[in-house]
Amino acid sequence: INTFPIDLCVIIMKNSAPPIAPLWDTESSQVQVETEAEVAPYFVDIEKLKKADLDNLRQTGLLGPDGTDVQLLRDKHIEYLSQVWKRSLKPGFVTLDASRPWMLYWCLHGCDLLDGLSRIDDETRCRMISTLEQCWSPISIQDPPVTKEEDPQYYVGTDSSTDFVLGGFGGGPMQMAHAATTYASILSLCILATDSTGSESSSSKAKQLLEKVRIPLYRWMLSLQTDEGGYRMHHDGEVDVRASYTVLCCADLLQLNTEKLRHEKVAQYIQNCQTFEGGVSAEANCEAHGGYVFCGVAALFLLRRLDLLDIPALTGWLARRQMSYEGGFSGRSNKLVDGCYSFWQGGANAIASSFYAPGDQMNDPWLERQGDEALGFSLLFDAPMLERYILLCAQDIHGGLRDKPSKPRDFYHSCYNLSGLSVAQHCDFGEEVYGDLEQTRVARTHPCYNIRIDRVRDMLQLTW
């Protein structure tokens with residue numbers, strides 16, 4: 001990987017023919033061949049299609065009225081995502097009863113990338129905030145684990161005669177606080193608090209809720225920390241890099257970056273999760289996986305300690321996850337392409353790529369960029385190939401995005417396909433792109449926080 005692979009990967013990915021069959025036929029190789037056959041019809045040369053076929057594609061909206069550049073079904077996607085707050089969900093969604101903040105985040109962020117938040121009225125925004133407030137799960141303790149001298153932040157808003165309130169957001173009303181749903185709740189509130197297309201009342205209500213939970217949330221996040229430097233997903237729960245990332249991301253957005261939360265052992269815990277392949281696993285001595293790779297890389301970026309990882313090995317693992325024929329990413333070695341990894345692997349790749357950016361590693365190149373100026377580094381994957389997979393294979397013509405053509409659309413894959421598209425589109429301007437350059441352009445997401453860059457900037461400038 002240190003000598004030639006990046007250029008080699010690009011050469012392979014620009015080859016239109018499927019890869020050579022493996023030497024040994026296995027169940028994994030068979031389903032890979034089936035997946036390539038599944039997506040192959042979507043990779044036709046559009047300019048060579050018959051007029052009737054072109055007219056059909058234009059009728060669905062995948063092509064513009066006159067040209068042959070692929071389009072993003074923007075309005076259909078917004079309509080699909082908006083059903084979360086427009087109408088009652090079908091009975092099957094009962095399985096996501098503990099994921100209410102997640103559904104709100106997936107759909108809010110997806111609409112935000114499509115510039116669709118202006119279609120949400122103020123009453124609906126206030127109902128979203130009220131829903132999240134009902135998911136807040138506080139508890140009280142009498143004996144704090146630190147003294148005021150050790151951690152003044154812990155004692156904000158209290159005196160010696162009061163109990164200490166701590167808490168996080170659960171997946172629904174009366175559910176246990178959990179790091180994952182807390183992360184989804186905080187990101188949703190950040191979007192609503194900083195969106196100027198809504199009224200001042202809904203924005204203020206979101207900020208008030210963030211203000212209310214900010215210090216109790218800090219105490220709760222500290223209570224999740226282990227002696228080894230990891231974090232639990234919830235009290236008595238599992239310890240893995242998801243918790244490290246979600247805690248650090250929420251703390252950063254709410255300006256709670258204390259030495260207690262960012263102890264050196266926190267970074268060392270994540271460092272120990274890098275595997276022999278170069279990726280990052282949930283915990284030490286497990287298999288590297290795209291979601292955990294993103295969490296580990298993003299957490300170390302927030303700590304400004306990417307240098308703790310073997311970056312050449314990491315970028316090699318990430319480069320090998322982009323499928324040479326499909327153009328999308330798989331989640332781990334020997335697995336199939338999946339649209340959600342457009343962000344999990346694409347975002348991790350963008351963050352890892354920033355390690356090679358010129359200048360101070362303590363700075364955030366996405367927040368420092370002004371206007372359309374270049375970031376100063378390129379993505380270490382083939383961005384147009386990823387865009388092609390998202391626009392051709394992941395879009396459902398009725399709205400929403402999916403894993404692959406044979407899979408149904410859903411909110412989760414819609415969010416992370418669009419997030420991956422944003423990462424691919426907004427690295428350096430002037431690079432080759434796939435599809436209609438202007439029509440398919442989505443807003444810029446920050447690859448570390450995965451909300452729009454302007455939202456991150458506004459949150460970090462708030463005074464608490």
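Is Cys-415 buried or exposed? I started my notebook with this one, and Cys-415 turns out to be buried, with a relative accessible area of 0%. A reminder to myself before going on: this is a predicted model.

**Entry 1: cysteines**

While I was at Cys-415, I looked for a bonding partner. The closest cysteine sulfur belongs to Cys-107, and it lies 8.2 Å from the sulfur of Cys-415, too far for a bond. I then turned to Cys-126, which counts as buried at 19% relative accessibility. Its closest cysteine sulfur is in Cys-135, 16 Å away, so no bond can be drawn there. A disulfide needs the two sulfur atoms within 2.5 Å. My tally for the structure was zero disulfides.

**Entry 2: a space inside**

Next I went looking for enclosed space. I found one cavity of 30 Å³ or more. How much space lies in the largest cavity? The answer is about 60 Å³.

I wrote down the residues that line the largest cavity; among them are Ala-350, Trp-366, Leu-375, Phe-377 and Leu-379. Further along the chain numbering, the lining also includes Ser-422, Val-423, His-426, Cys-427, Thr-445 and Pro-447. I sorted the lining by character and got eight nonpolar residues, three polar ones and no charged ones.

**Entry 3: salt bridges**

Side chains of opposite charge can pair when their charged atoms come close. I wanted to see how often that happens here, and the structure holds 19 salt bridges. I picked out a few to visit.

My first stop was Lys-51 with Asp-55, where the closest N and O atoms are 2.8 Å apart. Both residues sit in helix H3 (residues 51-60), and because they are four residues apart, about one helical turn separates them. Lys-51 is exposed, at 61% relative accessible area, while Asp-55 is partly exposed, at 34%.

Then I followed Arg-305 to Glu-264, a salt bridge with its closest N and O atoms 3.2 Å apart. This pair links distant parts of the chain, as the partners are 41 residues apart. I found Arg-305 in the loop between helix H11 (290-302) and helix H12 (311-321), and Glu-264 in helix H10 (residues 264-271). Arg-305 is partly exposed, with a relative accessible area of 23%, and Glu-264 is also partly exposed, at 36%.

I also checked Lys-404 with Asp-403, whose closest N and O atoms are 2.8 Å apart. Are Lys-404 and Asp-403 buried or exposed? Both are buried. To finish the entry, I traced salt bridges that share partners, and they join Asp-112, Asp-115, Arg-125, Asp-195, Arg-452, Asp-454 and Arg-455 into one network.

**Entry 4: positive phi angles**

Last, I looked at the backbone. Which loop holds Asp-236? I located Asp-236 between helix H8 (200-223) and helix H9 (241-253). Its phi is near 70°, a positive value in a residue other than glycine. Asp-236 counts as exposed, at 75% relative accessibility.

Asn-334 has a positive phi too, near 70°, and is likewise a residue other than glycine. I found Asn-334 in the loop between H12 and helix H13 (341-353). At 62% relative accessibility, Asn-334 counts as exposed.

Definitions and conventions:
Residues numbered from 1 in each chain as written. Predicted model: local features only at pLDDT ≥ 70, side-chain atom pairs only at ≥ 80, totals over all residues. Heavy atoms only, no water. 1 Å grid on protein atoms, 1.4 Å probe; cavity = no way out; pocket = protein on both sides within 12 Å on 5 of 7 lines; lining within 4 Å. Points joined across faces, edges and corners; volume = space filled by probe spheres on them. Nonpolar A, V, L, I, M, F, W, Y, C, P; charged D, E, K, R; others polar. Salt bridge = Lys/Arg side-chain N within 4 Å of Asp/Glu carboxyl O. Helix = DSSP H or I, 4+ residues; strand = E, 2+ residues; numbered from the N terminus. Buried < 20%, exposed > 50% of the residue type's maximum accessible area, 1.4 Å probe, protein only.
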